Amino acid sequence: MHELSLAGGILRVVEDAAARERFRRVAQLHLEAGALSGVDLHALRFALEAIAPGSLLEGAEIRIDAPPGSAWCLACGTTVEIQSRADPCPLCGGHQLQPTGGTELRVVDLIVHDTNEAPRSGPEAQPAPRGGSSGPAEPDPPEPAQPPAAASQPP
């Protein structure tokens with residue numbers, strides 16, 4: 001059951017994101033496990049639910065999408081949809097297929113809770129202003145200017 005080690009890896013990705021983005025709890029974990037990824041979705045969900053207690057994933061909703069696989073058929077030169085690596089080409093019946101999609105397991109999105117704040121999601125979510133200010137966050141200070149390049153002087 002390699003799904004338990006996959007679940008542990010997913011938890012490490014979430015923990016790394018929490019350290020970087022400073023959130024304390026995940027409200028929703030959205031994953032994508034392609035049809036050709038070799039992942040048993042039920043076993044992965046079970047493993048995630050088993051490791052969730054006491055972690056950032058405790059109480060989180062877990063969504064797992066399973067996009068179909070796609071492959072390039074060498075015989076007919078077409079990209080086709082397949083559900084298994086053993087499937088023949090649905091157009092010509094050939095078995096010379098090169099998988100081109102649906103082979104990945106990836107974290108698509110996290111919806112997280114900050115301490116005493118409403119959930120936030122996605123890469124556009126910005127950390128809340130610190131220091132109790134209710135107004136907009138101050139912009140980052142500009143980077144220091146680089147010294148000008150030395151001008152060449154004629155001799």
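Mentor: One term first: two residues are in contact when heavy atoms of theirs lie within 4.5 Å. Also keep in mind that this is a predicted model.

Trainee: OK. What does Q98 touch, then, not counting residues up to four places away in sequence?

Mentor: With those left out, Q98 touches S70, A71 and W72.

Trainee: Which strand is Q98 in?

Mentor: Strand 5, which covers residues 97–101. C73 sits 25 residues away from Q98 along the chain, yet their C-alpha atoms are separated by 6.5 Å.

Trainee: And how exposed is Q98?

Mentor: Partly exposed, at a relative accessible area of 48%. The cut-off for exposed is over 50%, so Q98 at 48% is classed as partly exposed.

Trainee: Let me back up. How many helices and strands does the protein have?

Mentor: Two helices and seven strands. Read from the N terminus, the order of elements is α-β-α-β-β-β-β-β-β.

Trainee: What share of the 155 residues is buried?

Mentor: Buried residues account for 30% of them. As for contacts between residues at least 6 apart in sequence, 64% join residues at least 24 apart.

Trainee: Which residues of the largest nonpolar core touch the most other members?

Mentor: V26, L29 and L48, in a core of 23 residues. At least two residues of this core come from each of helix 1 (3–21), strand 1 (25–33), helix 2 (41–51), strand 2 (61–65) and strand 6 (105–113). Helix 1 gives the largest share, six residues.

Trainee: What is V26 in contact with, leaving aside neighbours within four places in sequence?

Mentor: On that count, V26 is in contact with V14, L56, L57, E58, A60, L110, I111 and V112. There is also another core lying apart from the largest one; that core has seven residues, including L36, A71, C89 and L97.

Trainee: A71 again. It was one of the residues Q98 touches.

Mentor: Yes, A71 is in that list, and A71 is also one of the seven residues of the other core.

Trainee: Back to the helices. At what angle do the axes of helix 1 and helix 2 cross?

Mentor: Roughly 55°, with the axes coming within 8 Å. That crossing makes helix 1 oblique to helix 2.

Trainee: Is the crossing of helix 1 and helix 2 left-handed or right-handed?

Mentor: Right-handed. Helix 1 makes the contact with E3, L4, L6, A7, G8, I10 and L11, and helix 2 with A43, L44, A47, L48 and I51. Sorted by class, that contact has 10 nonpolar, one polar and one charged residues.

Trainee: New topic. Which residue has a positive phi although it is not a glycine?

Mentor: R22, at about 60°. Most residues other than glycine have a negative phi. R22 is found in the loop between helix 1 and strand 1.

Trainee: Is R22 buried or exposed?

Mentor: Exposed, with a relative accessible area of 61%.

Trainee: Last one, L105. Where does L105 lie?

Mentor: In strand 6. L105 is partly exposed, at a relative accessible area of 29%; buried would need under 20%.

Trainee: What is L105 in contact with, beyond neighbours within four places in sequence?

Mentor: L6, I10, E32, A33, V39 and L44. Among those, L6, I10 and L44 also take part in the contact of helix 1 with helix 2.

Trainee: And how far apart in space are L105 and L36?

Mentor: 9.6 Å, C-alpha to C-alpha, with their positions 69 residues apart in sequence.

Note on methods:
Residues numbered from 1 in each chain as written. Predicted model: local features only at pLDDT ≥ 70, side-chain atom pairs only at ≥ 80, totals over all residues. Heavy atoms only, no water. Core = buried A, V, L, I, M, F, W, Y, C linked by side-chain atoms within 4.5 Å. Buried < 20%, exposed > 50% of the residue type's maximum accessible area, 1.4 Å probe, protein only. Helix = DSSP H or I, 4+ residues; strand = E, 2+ residues; numbered from the N terminus. Axes fitted to C-alpha atoms, helices over the stretch in contact; angles between N-to-C directions. Parallel < 35°, antiparallel > 145°, perpendicular 65-115°, else oblique. Left-handed = near helix turned anticlockwise from the far one by under 90°. Nonpolar A, V, L, I, M, F, W, Y, C, P; charged D, E, K, R; others polar.
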